[in-house]
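Reader: Please take me closely through one part of this model: how its side chains pack and pair up. Then place that part in the rest of the chain.

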Amino acid sequence: MNAEAVNPATPGSVTAGHVTPTGSRRKARPRLDLRRLGRAALLGPATRDRLPDAIGHVVDAHRAHHPDADLEPLRRAYLLAESSHRGQMRKSGEPYITHPLAVTLILAELGAETTTLTASLLHDTVEDTDVTLDQVREQFGEEVRYLVDGVTKLEKVDYGAAAEPETFRKMLVATGNDVRVMSIKLADRLHNMRTLGVMRPEKQERIAKVTRDVLIPLAERLGVQALKTELEDLVFAILHPEEYAHTRELIVRNTARADDPLAEVADDVRTVLREADITAEVLIRPRHFVSVHRVSRKRGQLRGADFGRLLVLVNEDADCYGVLGELHTCMTPVVSEFKDFIAVPKFNLYQSLHTAVAREDGQVVEVLIRTHQMHKVAEAGVVALGNPYAAPPEEQAASDGERADPTRPGWLSRLLDWQRAAPDPDTFWSTLREDLAQDREITVFRPDGGTLGLPEGATCVDAAYAQYGEDAHACIGARVNGRLATLSTVLKDGDTVQLLMGQDPASEPSREWLKHAHTPAARIAIQRWLTAHPAQHTAPATEPAAAQRPTADDPAAPQAPQAPGAVPGRPAAQVLVDRPGAAVRLARCCTPVPPDEVTGFAVRGGAVTVHRVECATVARMKSSGRAEVGVRWGEDAECRVTLVAESFVRPHLLADLTEAMALEGAEIVSATVEPPDRQQVRHTYTVQLPDAARLPALMRAMRNVAGVYDVSRAQPQAPGA
């Protein structure tokens with residue numbers, strides 16, 4: 001759309017993405033003469049019963065993928081586009097029709113279906129000519145109209161400086177309903193980048209930066225590697241010309257080498273697979289410029305095997321693993337390089353086995369193993385999926401959690417969700433770039449079996465907002481893989497996350513959460529709440545006043561509420577001791593209750609203290625030579641026990657907790673509520689129970705109080721503690 005002329009690659013026979021090592025040079029498709037195509041568009045025959053000569057290359061590429069396609073829509077779309085753009089010229093001097101032709105050819109070579117190609121031919125007509133969307137609908141149907149509208153830019157006269165971000169917002173929303181919109185945009189940008197040289201340097205740089213920050217990450221997410229890699233090289237040439245020139249020289253020197261280790265290993269692989277009776281095609285895939293540059297920065301001086309990788313194509317999934325087994329058996333594998341993206345595909349549909357083998361001279365050759373269908377998807381991504389309106393197979397039916405439909409991947413659903421909440425174009429534009437910079441995705445599991453797709457580096461805060469939206473303001477904690485975790489915990493691929501939600505509808509997020517929010521959805525939701533409640537920014541909103549009280553042992557402190565009828569000092573459970581008349585004391589260090597296994601020791605004054613046998617004090621007294629006194633529980637099951645409750649801070653927690661304890665018949669003898677630490681608080685209660693058998697039910701009731709994540713018996717203290 002309106003960007004113009006010549007390739008930015010340095011002059012010479014080597015252009016970005018088209019250099020191959022000696023002995024493995026692929027037969028390159030000759031670059032089309034766009035001037036000739038433009039002349040054919042103006043002068044060639046265009047009768048109703050014959051396809052115009054100008055779209056012959058498009059038709060040939062299209063038939064290679066879709067031999068039975070109806071070509072009539074392409075013929076009519078070309079005639080409308082050519083007549084509408086007639087008289088318009090690109091800055092390079094070609095007739096403007098050469099641009100939609102080139103964009104359509106790019107998509108046809110990737111295997112796009114007829115509707116996409118029809119819309120591609122028309123993609124600039126509504127923006128740059130008198131053709132209207134209503135006319136497009138009348139002549140080509142609603143699908144084509146939708147695609148053309150999706151890629152039509154908003155006018156600067158209406159939107160001013162916000163035109164570009166709002167155009168991308170409009171395009172992304174359209175992509176949410178039909179990914180073919182973004183396919184056309186990517187091909188459009190690729191051709192404009194190929195022909196950007198006549199632009200002013202500052203405009204080249206601006207377009208290249210937007211391509212780097214937005215279009216290339218979108219191409220990666222949609223799995224269109226063929227477009228992504230060439231876009232990367234074209235951006236590299238514009239933004240880093242010196243490093244590009246150096247990388248180009250490395251590739252030229254390697255191409256001139258007499259020997260080619262990749263070709264030698266490829267021959268060895270063919271021999272191994274032939275002897276194993278595995279039908280396979282073994283190809284050499286040269287690295288593109290940016291890939292060579294990355295490898296050189298990582299490894300320093302490059303060797304011949306660093307300039308490409310081997311690609312092994314087979315017919316069936318099982319053959320992929322057969323090839324892997326033969327290579328690892330007959331060659332020296334580099335085990336650390338093995339990755340299985342067939343069993344666990346990448347989030348952008350990519351599937352392949354990655355491995356590497358070592359040569360005797362120490363060079364390591366990377367090998368990709370995939371089926372022909374996997375290769376098609378790896379190159380073309382969503383373009384290879386065809387028509388997203390077609391009914392999906394049963395196994396792709398939408399499931400609870402991450403979408404199974406690859407035409408509406410999880411990252412796109414999340415992007416569409418948060419963009420609605422972006423308050424202005426600048427926030428949307430900056431947040432979009434940040435979001436797209438997160439180029440890896442993880443999957444975490446919910447306890448109910450559902451999944452959440454999150455960017456790498458996401459935390460429990462992000463998981464909460466991904467699952468609950470703005471209701472996540474009430475999140476009070478999380479368990480990761482069954483263990484308590486702070487909301488700042490960074491999640492890993494495959495983690496199971498249980499989010500602990502409070503019951504108070506007035507729950508508020510903490511400003512601290514912004515430090516741990518990695519996703520736009522979480523950041524925008526938290527920031528919106530904080531902006532709407534400026535008076536409450538000074539203190540964490542979820543911290544209950546009760547949690548800041550001094551301990552109950554402080555005479556000046558207000559006492560924690562007690563259950564009705566609590567009687568401090570009531571004797572504990574009946575204990576029978578083998579010393580008649582001896583006073584009995586239950587040790588405070590381990591608070592034994594029936595039916596704990598207990599033992600006793602005589603202390604000053606003739607009394608006997610009773611401890612749980614696993615108490616650390618028991619071991620210390622035995623080691624000092626103190627004799628044990630036999631003790632056992634009597635028939636009276638009444639007991640006194642000390643419990644520790646761990647909770648997140650929230651309003652009314654203390655009242656809810658003591659009420660739950662009272663309902664279970666527990667009488668609170670004493671209570672200590674420690675000052676909160678990182679939004680967590682520790683409560684210690686000594687309670688009297690009329691029957692020790694009620695203890696498990698009491699602990700369950702306490703755990704069921706919203707905000708309480710653990711309840712346990714007071715742990716025995718270590719010696720000297």
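Author: What follows starts with the whole chain, goes to the packing and the charged pairs, and ends with strands and loops.

This is a predicted model, in which local features need pLDDT of at least 70 and side-chain atom pairs count only at pLDDT 80 or more, while totals for chains, interfaces and linings use all residues. Numbering starts from 1 along each chain as its sequence is written, and side-chain values use heavy atoms, leaving out hydrogens and water.

First, the overall frame. The protein chain has 26 helices and 21 strands. These are DSSP runs, numbered from the N terminus: H or I of at least four residues for helices, E of at least two for strands. Of 721 residues, 51% count as buried. Buried means under 20% relative accessible area, exposed means over 50%, and partly exposed is in between (1.4 Å probe, protein chains only). The chain exposes about 33600 Å², with carbon and sulfur atoms supplying 49% of that. These areas come from the Shrake-Rupley method with a 1.4 Å probe; for residues, only the protein chains shown count as cover. Among contacts between residues at least 6 apart in sequence, 70% join residues at least 24 apart. A contact means heavy atoms within 4.5 Å.

Now the packing. The largest nonpolar core holds 74 residues, of which Leu-122, Val-136, Met-182, Leu-186, Met-193 and Val-224 touch the most other members. Helix 12 (residues 201-221) gives the most to this core, with eight residues. Such a core is a set of buried Ala, Val, Leu, Ile, Met, Phe, Trp, Tyr and Cys residues joined through side-chain atoms within 4.5 Å. In soluble globular proteins, nonpolar side chains tend to be buried together.

Take Val-224. Leaving aside residues up to four places away in sequence, Val-224 touches Leu-110, Leu-186, Ala-219, Glu-379, Ala-380, Gly-381, Val-382 and Val-383. A second, separate core has 27 residues, including Leu-654, Ile-668, Met-702 and Val-705.

Glu-379, one of the neighbours of Val-224, also has a charged partner. Arg-285 forms a salt bridge with Glu-379, and their closest N and O atoms are 3.0 Å apart. That pair links distant parts of the chain: Arg-285 sits in strand 1 (residues 281-286) and Glu-379 in helix 18 (residues 372-380), 94 residues apart. Arg-285 is partly exposed, at 25% relative accessibility. Glu-379 is partly exposed too, at 21%.

The structure holds 37 salt bridges. Each is a side-chain nitrogen of Lys or Arg within 4 Å of a carboxyl oxygen of Asp or Glu. Helix 12 supplies one within itself. There Lys-209 meets Glu-205 at 3.1 Å, N to O. The two are four residues apart, about one turn of the helix. Lys-209 is partly exposed at 34%, and Glu-205 at 37%.

Another pair is covered. Arg-180 and Asp-178 meet at 2.7 Å, N to O, and both are buried. A network of salt bridges links Asp-134, Arg-137, Glu-142, Arg-145, Asp-149 and Lys-170.

Lys-170 falls within the span of helix 10 (residues 163-177), a run of 15 residues. Helix 10 reaches 22 Å from first C-alpha to last, close to the expected 21 Å. The expected span is 1.5 Å times one less than the number of residues. Helix 10 is mostly covered, with 11 of its 15 residues buried. Among them are Phe-168, Met-171 and Leu-172.

Next, the strands. Strand 7 (residues 441-445) has a covered face, Ile-442 and Val-444, and an uncovered one, Glu-441, Thr-443 and Phe-445. In a regular strand the side chains alternate between the two faces of the sheet. Strand 7 runs antiparallel to strand 8 (residues 451-455), joined by five bridges. Two strands pair if DSSP finds at least two bridges between them. Ile-442 stands opposite Leu-454. Five residues lie between the strands of this hairpin, where Gly-449 takes a positive phi near 95 degrees.

Positive phi also appears outside glycine. Asp-277 has phi near 60 degrees. Asp-277 lies in the loop between helix 15 (261-275) and strand 1, and is exposed at 70%. Asn-481 has phi near 55 degrees, in the loop between strand 9 (475-480) and strand 10 (483-485). Asn-481 is partly exposed, at 46%.
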